[in-house]
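User: Please take a close look at one strand of this model. I would like to know how it is covered and what it pairs with, and then to hear about a pocket.

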Amino acid sequence: MSENTIAAISSPLGEGGIGVIRISGENAIAVADASFCAVSGKKLSSLKGYSAAFGNVVLADGSPLDEAVALVFRAPKSYTGEDVVEISVHGGLEIQKQALRRITECGASLAEAGEFTKRAFLNGKMPLSKAESVMALISAKGEAALAISRAAAGGSIDRAVKEIIELLKETAAGISAYSDFPDEELVGARPCDFEKLLKKVSGKLLTLIKNYDTGKLIREGIDCAIVGKPNVGKSTLMNLLSGNERSIVTEIPGTTRDIIESAVQIEDLTLNLSDTAGIRLTDDVVEAAGVDRAKKKIENASLILALFDGSKEVDSDDKLLLSSLKDKPVVIIINKTDLKQKISPNIFDGFPVVYMSAKEKTGVGDLVKTIKEVCKISHLSNNDAVLINERQLSCVKAAYKSVKDAECDLASGMTVDAVGVLIDDALEQLFTLTGERVTEAVCDEIFKRFCVGK
Ligand code: GDP
């Protein structure tokens with residue numbers, strides 16, 4: 001437990017119903033008693049954990065600053081594992097600042113970014129992966145992002161990684177038994193057992209690596225480039241999905257000359273939409289620059305929504321676009337289904353196709369379903385472990401590499417001792433992920449990214 005008692009405003013800095021100032025540390029209750037006076041006259045130090053007292057934050061001369069409720073938590077049963085007092089004042093910025101100033105005058109120092117959660121981690125209240133997921137939970141946008149962050153905050157990553165650690169430990173124990181008694185053919189201590197275990201481990205690590213990309217799409221939104229030749233309905237679709245008139249919709253082909261971007265929430269997904277210039281051969285210099293940018297968007301997008309006008313026959317521009325989409329993550333949208341259809345859908349064979357009328361607002365449900373399938377989001381369940389950040393991913397990737405090297409070494413008949421070293425390397429990476437063996441510098445780096453008060 002840290003001797004230093006810290007305090008910070010833990011609610012957002014702005015006007016609100018209440019503002020919460022959190023105090024944590026050995027002297028948290030004494031500091032709160034010096035700055036808060038209960039109406040009942042009782043000292044907070046006389047209260048049990050999980051008790052509340054109504055009163056006032058009081059200034060040095062005893063005058064009240066604001067009415068407040070103080071909540072007392074006693075170590076270790078608090079967020080940080082230390083004594084904690086949370087003082088709720090009225091949610092005005094000035095009131096919160098003055099109350100915090102008073103609390104610091106009474107002996108608390110200002111908390112650094114993420115310091116409460118860092119203390120929770122250092123006091124064994126949560127593994128590192130859970131502490132990190134708290135940050136993801138706070139910043140989650142959209143239901144699906146909230147669901148995976150909640151699972152992580154509930155320990156899904158830690159459970160998945162611990163399961164892998166156990167398998168690696170089992171392999172390491174087998175290897176050490178085999179080294180001591182190579183001729184005994186002990187079950188669980190033969191090279192064929194190590195092979196099986198390592199294969200299981202690499203499979204699990206690979207799933208974590210693959211799910212990371214999907215999780216990133218869920219958390220940060222899917223970068224979707226809306227492409228198609230002029231007048232197929234790209235801007236109309238963009239407006240339908242974003243629910244406003246960001247793109248100019250006209251009947252003159254080539255109106256959207258640059259890229260218009262919008263982040264939208266549709267059902268439980270976040271889509272970062274870019275409405276690009278229509279792709280076609282053009283002599284207009286400005287439009288040609290837009291077409292170039294659209295092509296670059298196609299290269300970089302996580303998903304391409306390629307629009308075609310169902311009321312027209314396929315022409316050379318459509319074919320040009322289609323040929324540039326091979327092997328890309330794409331959903332074909334045949335738009336204008338409200339009109340008589342002339343398009344022959346066979347040219348889209350092998351592509352996922354959705355039928356819509358952007359004008360009549362039909363087909364959005366099918367579009368979302370198909371996007372989820374193409375981006376493999378529908379493969380994820382809410383309880384799956386989904387790594388939260390690049391740090392976790394790099395640990396898992398390094399562990400995966402060591403395990404794959406170990407598999408190769410085993411297959412090529414290397415000594416099991418060499419395999420044992422690689423298993424130790426993989427374990428080290430996984431312990432770094434959970435925080436069991438993390439350096440102070442790494443730990444500081446992680447919590448610096450939190451907000452003050454968290
Ligand atoms: P863009 O050049 O691809 O961005 O196309 P726009 O969104 O500007 O649309 C071109 C024209 O097609 C406009 O007159 C739209 O109202 C019309 N349009 C777009 N979607 C539909 C649709 O689903 N049905 C019909 N009938 N017209 C549409």
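**A buried strand and a pocket**

Analyst: Strand β12 spans residues 330-335, and 6 of its 6 residues are buried, which makes the strand mostly covered. The model is a predicted one. Cover comes on both faces of β12. On one side, V330, I332 and I334 are buried. On the other, V331, I333 and N335 are buried too.

Now the neighbours. Strand β11, residues 303-309, runs parallel to β12, and 6 bridges join the two. Within this pairing, A306 stands opposite I332 of β12. The chain gets from β11 to β12 by way of helix α10, residues 316-323, in a right-handed β-α-β crossover.

Strand β13, residues 353-355, also pairs with β12. These two strands run parallel as well, joined by 3 bridges. Here I332 has V353 as its bridge partner in β13. I332 is thus a handy landmark: it faces A306, and it bridges to V353.

Next, the pocket. The second largest pocket has a volume of about 430 Å³. Its lining counts 16 residues. Nearest its centre lie K210, D213, T214, L217 and C375. Helix α7, residues 191-220, supplies the largest share of the lining, with 7 residues. By class, the lining holds 5 nonpolar, 5 polar and 6 charged residues.

Where does the second largest pocket lie with respect to domain 2 and domain 3? Domain 2 (143-217 + 385-447) and domain 3 (220-374) both contribute lining residues, so the pocket lies between them.

Definitions and conventions:
Residues are numbered from 1 along each chain as its sequence is written. This is a predicted model: local features need pLDDT of at least 70, side-chain atom pairs count only at pLDDT 80 or more; totals for chains, interfaces and linings use all residues. Side-chain values use heavy atoms; hydrogens and water are left out. On a 1 Å grid over the protein atoms alone, a cavity is a set of points where a 1.4 Å probe fits but cannot get out, and a pocket is an open set with protein on both sides within 12 Å along at least five of seven lines; lining residues have an atom within 4 Å of a point. Grid points are joined across faces, edges and corners, and a volume is the space filled by probe spheres set on the points. Helices (H or I, at least four residues) and strands (E, at least two) are DSSP runs, numbered from the N terminus. Ala, Val, Leu, Ile, Met, Phe, Trp, Tyr, Cys and Pro count as nonpolar, Asp, Glu, Lys and Arg as charged, and the others, Gly among them, as polar. Domain bounds come from an automatic or database domain assignment. Buried means under 20% relative accessible area, exposed over 50%, partly exposed in between (1.4 Å probe, protein chains only). Two strands pair if DSSP finds at least two bridges between them. A crossover is right-handed if, with the strands pointing away from the viewer, the path from the first strand over the helix to the second runs clockwise.
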